[in-house]
Amino acid sequence: MVTQEQIARKLGVSRQLVTFALAGYPQVSATSRERILAAARTMGYRPNPHARALKHGRTGIIALWVPDQISTHYTHVARELNRLVKQAGRELIVTEVGNDSAEQVLSHVPMDGVFAVDAPDAVRAHLKSAVARHIPVISIGAHRPEKTDFVQVDLLAGTNEVMQHLIRSGFHRIVHATFVHDRHPGTGRRFGYAKAMRKAGLKPEFFYYPLSEKQRQIARASIQDYVRAHGCPEAIFCHSDDVAIGIYRGLCDLGLRVPQEVALAGCDGIQDTEYLECPLTTIVQPIARMCNIAWQFLVQRLERPDMKRQQAVLKPKLAVRDSSCRAWPEAGQVHHDLAFGAKNGSA
């Protein structure tokens, strides 16, 4: 097994410098870190988590909790965090928390800290556990917890922006595609949509779909059933880009054109939205910045466990693309005809 001492001898540097570089200490220059990491890779160096745990009280393992592994957005978050964690010589373990308690998750693998993305229930369970004092959590995403460090993306602000864009464009019957029901209104997309609609004197309308590993396929089929049953809306604001892409394809199956007949907007900012025949308008979440801040928060929390709570609120950016841009006068009559036809079984 290659050791840090061997890497130091090969490069003619101190063992301490190698240790600091592999551990991701910011005091090491970028040039020295890259040189040491390159040598470690070439020589086949692998850190020993058990030895590290015995010597430093740390395992070098960081957990990432996500509510599901369906969303392309969560996949992008995991990729970005993995890059940062690997760069610091540590390992990232991704866990779908789902309905499992945090204690069940933590009991299987020893870890130094946790990134929890949109997983408030798991965080609350963790804070009640015996290990909470020793394993810090950095909450990431749409939620703003009361007792942990957090990096929040203000999706309420993003929703307000996309809704103002749709309403000012002249759309009135704007449907929100979501899996979030009344009993869990939250403070983000669903709440912001309903508030914006009522403020404009418009009636909120919801298209519900179930979460599924085949999310795009489910959304594609479900939107067709919805249009046949309720007529064609003027615009659809989707909880996620994955659902927006599925709905886009479902509308195309019905012969409905985006945006000429139905405007469409999503949320997350995944790359796929740019590569459709009609690029999708979307709320772009600042993933790289969010993950960088979260990693800095965790490093600082591990070094100073008793420091004050760290907080950051980031605003997403609305990317307006072709899917929500069209001339309203032409659209009004088209939607009236489509809605009438669908309600009479001809859609």
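**Figure 1. Helix 8 and helix 9 pack against each other in this predicted model.** Helix 8 covers residues 155-168 and helix 9 covers residues 189-199; their axes lie 8 Å apart and make an angle of about 40°. Here, axes are lines fitted to C-alpha atoms, for helices over the stretch in contact, with angles running from 0 to 180 degrees between N-to-C directions. Helices (H or I, at least four residues) and strands (E, at least two) are DSSP runs, numbered from the N terminus. The crossing of helix 8 and helix 9 is right-handed, a term for the near helix being turned clockwise from the far one by less than a right angle. Helix 8 brings Leu155, Leu156, Thr159, Asn160, Met163 and Ile167 to the contact, and helix 9 brings Arg189, Phe191, Gly192, Tyr193, Ala196 and Met197; contact means heavy atoms within 4.5 Å. By type, the residues of this contact split into 8 nonpolar, 3 polar and 1 charged. Ala, Val, Leu, Ile, Met, Phe, Trp, Tyr, Cys and Pro count as nonpolar, Asp, Glu, Lys and Arg as charged, and the others, Gly among them, as polar.

**Figure 2. The buried residues of helix 9 and their neighbours.** Arg189, Arg190, Gly192, Tyr193, Ala194, Ala196 and Met197 of helix 9 are buried. Buried means under 20% relative accessible area, exposed over 50%, and partly exposed in between (1.4 Å probe, protein chains only). What do the buried residues of helix 9 pack against? Their partners are helix 8, strand 6 (174-178), strand 7 (205-208), strand 8 (235-238) and strand 9 (263-268). After helix 9 comes Gly201, with a positive phi near 75°.

**Figure 3. Phe115 in the largest nonpolar core.** This core holds 48 residues, and Phe115, Met163 and Ile174 have the most contacts inside it. A nonpolar core is a set of buried Ala, Val, Leu, Ile, Met, Phe, Trp, Tyr and Cys residues joined through side-chain atoms within 4.5 Å. Helix 12 (residues 287-303) gives the largest share, 9 residues. Leaving aside residues up to four places away in sequence, Phe115 touches several residues, including Ile62, Trp65, Leu81, Val85, Ile138, Ala294, Trp295 and Leu298. Another core, of 25 residues, lies apart from the largest one; Ala177, Ile245, Leu256 and Cys278 are among its members. In soluble globular proteins, nonpolar side chains tend to be buried together.

**Figure 4. Three single residues: Gln296, Gln27 and Val180.** Gln296 sits in helix 12 and is partly exposed, at a relative accessible area of 43%. From Gln296 to Leu84 is 9.9 Å, C-alpha to C-alpha, although they are 212 residues apart in sequence. Gln27 belongs to the loop between helix 2 (15-23) and helix 3 (30-43). Is Gln27 buried or exposed? Gln27 counts as exposed because its relative accessibility is 62%. Val180, in the loop between strand 6 and helix 9, is buried, with a relative accessible area of 15%.

**Figure 5. The protein chain as the setting for the close-ups.** The chain has 13 helices and 12 strands, and 51% of its 347 residues count as buried. Among contacts between residues at least 6 apart in sequence, 71% join residues at least 24 apart.

**Notes for all views.** Residues are numbered from 1 along each chain as its sequence is written, and side-chain values use heavy atoms, with hydrogens and water left out. In this predicted model, local features need pLDDT of at least 70 and side-chain atom pairs count only at pLDDT 80 or more, while totals for chains, interfaces and linings use all residues.
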